[in-house]
Amino acid sequence: FCAVKCFYCSFAINVNKEYAERYLECLVEEMQRGSRVTVSSVYLGGGTPSLLTQDQLLFLLERVNRSFVISPEKEFTVEANPEHVDLSKMKALRSWGVNRISLGAQTFNDERLRALGRNHTGYQIFKAYEIIREAGFDNVNIDLLYGTPGQDTRMLREDLECVVKMDCEHVAVYALTLEPGSLFHTRKVRARSREVQAEQFSMVREFLIDAGYEHYEVSNFAKIFKRSVHNVNYWSGGNYQGLGMAAHSHFDGRRFWNVSSLFRYMELMEQGLDPKESQEILPAPRRLVETLLFGLRMKQGINLNELQKRYGCTLDASRVAMIREWIAGGFLQEEAGNICATQKGQLVLDELCERLV
């Protein structure tokens with residue numbers, strides 16, 4: 001659920017919060033249908049989880065702890081928007097084992113926030129951050145957007161200065177993409193040019209590295225030992241279980257996902273039916289390619305020989321030739337058997353990966 005739908009958002013969300021209680025009952029029913037497995041990370045995303053009341057959040061967290069064996073070393077993240085953060089709610093989350101907050105800022109510039117359809121101000125970001133710290137959280141991520149209409153390099157630098165001043169542990173900086181289903185896409189709004197986005201990306205990278213952050217994935221920066229455990233599992237081709245409307249799961253090459261309609265999801269759950277919409281079985285060569293694509297986004301890259309052993313197959317000759325060509329062109333580099341993107345390659349990595357698909 002969200003209070004409003006941001007202009008760039010194409011996710012499966014609902015702005016009618018009156019269905020929250022019914023939805024949570026269905027969500028709990030879905031998690032209780034499975035076996036009580038051990039998990040190393042939990043991620044409560046959205047929508048906007050912080051939009052729920054404190055009682056609703058505690059109901060959900062209690063059921064999560066009852067339905068899964070959560071590793072003592074777990075990472076437990078909850079997403080929050082600045083306008084929904086209050087001290088009582090944050091302390092309640094902390095008491096139930098949540099140890100990481102991901103705060104959706106996008107920008108600290110009030111004019112840009114309004115242009116994106118955000119429902120908060122720059123001041124509210126700072127205030128929310130203070131409350132999160134007061135509640136005892138020592139692992140906080142801040143989300144930022146770049147390449148947005150009307151955003152120049154000075155504005156982006158000011159956003160980065162705010163983040164560094166706040167001294168958060170993790171920063172995720174994403175380029176604006178205009179996806180079908182978003183208001184921006186419908187209105188044919190244009191993001192900044194690829195040249196401007198490349199310039200902004202380079203500035204973001206240099207600024208945050210100079211400030212002491214590790215650039216460990218193309219869009220993600222972390223202080224030492226503060227990488228996102230949950231996301232690294234995705235990028236490494238690991239297994240994960242998704243719960244709720246539009247949630248995706250992956251288990252050893254079997255990928256499946258739930259229906260994206262809130263009402264259809266609730267109907268299926270209340271009738272005792274499977275909310276799964278569809279699934280696909282990924283053959284070993286495809287799993288190899290997908291893990292390769294994600295691996296190239298990571299700082300350490302991928303070891304192709306180890307990857308081929310893992311999946312019991314080899315990368316086809318045409319893709320190997322492309323990789324060799326990009327190494328020769330300075331877009332990729334090979335060190336100690338690992339292939340990773342250079343700074344030059346990171347600027348065009350999406351295009352390279354599209355060619356490898």
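## Surroundings of Cys168

Cys168 touches Tyr129, Arg133, Val140, Ile142, Val163, Tyr213 and Lys223, leaving out residues up to four places away in sequence. The model is predicted, and the contacts are computed from it. Cys168 itself sits in the loop between helix H6 (153-166) and strand E5 (170-175). Its relative accessible area is 0%, so Cys168 counts as buried.

One of the contacts, Lys223, is 55 residues from Cys168 in sequence. In space, the C-alpha atoms of Cys168 and Lys223 are 8.5 Å apart.

## Cysteines and disulfides

How many disulfides does the structure hold? The number is zero. Cys2 is in no disulfide, and the nearest cysteine sulfur, that of Cys9, is 6.3 Å away. A disulfide here requires two cysteine sulfur atoms within 2.5 Å, and the 6.3 Å from Cys2 to Cys9 is outside that cut-off. Cys2 is buried, with a relative accessible area of 11%.

Why is Cys340 not bonded to Cys353? The sulfur of Cys353 is the closest cysteine sulfur to that of Cys340, but the separation is 13 Å, which is too far for a bond. Cys340 is also buried, at a relative accessible area of 9%.

## Helix H1

Helix H1 covers residues 20-33, which makes 14 residues. From its first C-alpha to its last, H1 reaches 20 Å, close to the 20 Å expected at 1.5 Å a residue.

Which residues of H1 are buried? They are Ala20, Tyr23, Leu24, Cys26, Leu27, Val28, Glu30 and Met31. Glu30, a charged residue by class, is thus listed with the buried positions of H1. The buried residues of H1 pack against helix H2 (54-67), strand E9 (254-258) and helix H10 (262-270).

## Helix H8

Helix H8 runs over residues 194-210 and has 17 residues. The distance from its first C-alpha to its last is 24 Å, close to the 24 Å expected at 1.5 Å a residue. H8 is followed by Gly212, which has a positive phi near 100°.

The buried residues in H8 are Val196, Gln197, Gln200, Phe201, Met203, Val204, Arg205, Phe207 and Leu208. What covers these buried residues of H8? The cover includes strand E4 (140-146), H6, E5, strand E6 (214-217), strand E7 (220-222) and helix H14 (343-346). H6 and E5, which appear in that cover, are also the elements on either side of the loop that holds Cys168.

## The second largest pocket

The second largest pocket holds about 170 Å³ of space. Its lining is made up of Trp235, Ser236, Thr291, Gly295, Met298, Gln300, Gly301, Ile302, Asn303, Glu306, Leu307 and Arg310. By class, four of these lining residues are nonpolar, six are polar and two are charged.

Helix H11 (284-297), strand E11 (302-303) and helix H12 (304-311) each supply at least two residues of the lining. Which element gives the most to the lining of this pocket? H12 does, with three residues.

## Backbone details and Ser71

The peptide bond from Gly46 to Gly47 is cis, with omega near 0°. Gly47 lies in the loop between strand E1 (38-44) and H2. H2 is also one of the elements against which the buried residues of H1 pack.

Two residues other than glycine have a positive phi: Ala246 at about 65° and Asp252 near 50°. Ala246 is in the loop between helix H9 (229-235) and strand E8 (248-251), whereas Asp252 is in the loop between E8 and E9. Is Asp252 buried or exposed? At 58% relative accessibility, Asp252 counts as exposed, while Ala246, with a relative accessible area of 22%, is partly exposed.

Ser71 belongs to strand E2 (residues 69-80). Ser71 is buried, with a relative accessible area of 16%. Leaving aside neighbours within four places in sequence, Ser71 is in contact with Val39 and Ser40.

How values were computed: Residues numbered from 1 in each chain as written. Predicted model: local features only at pLDDT ≥ 70, side-chain atom pairs only at ≥ 80, totals over all residues. Heavy atoms only, no water. Buried < 20%, exposed > 50% of the residue type's maximum accessible area, 1.4 Å probe, protein only. 1 Å grid on protein atoms, 1.4 Å probe; cavity = no way out; pocket = protein on both sides within 12 Å on 5 of 7 lines; lining within 4 Å. Points joined across faces, edges and corners; volume = space filled by probe spheres on them. Helix = DSSP H or I, 4+ residues; strand = E, 2+ residues; numbered from the N terminus. Expected span 1.5 Å × (residues − 1). Contact = heavy atoms within 4.5 Å.
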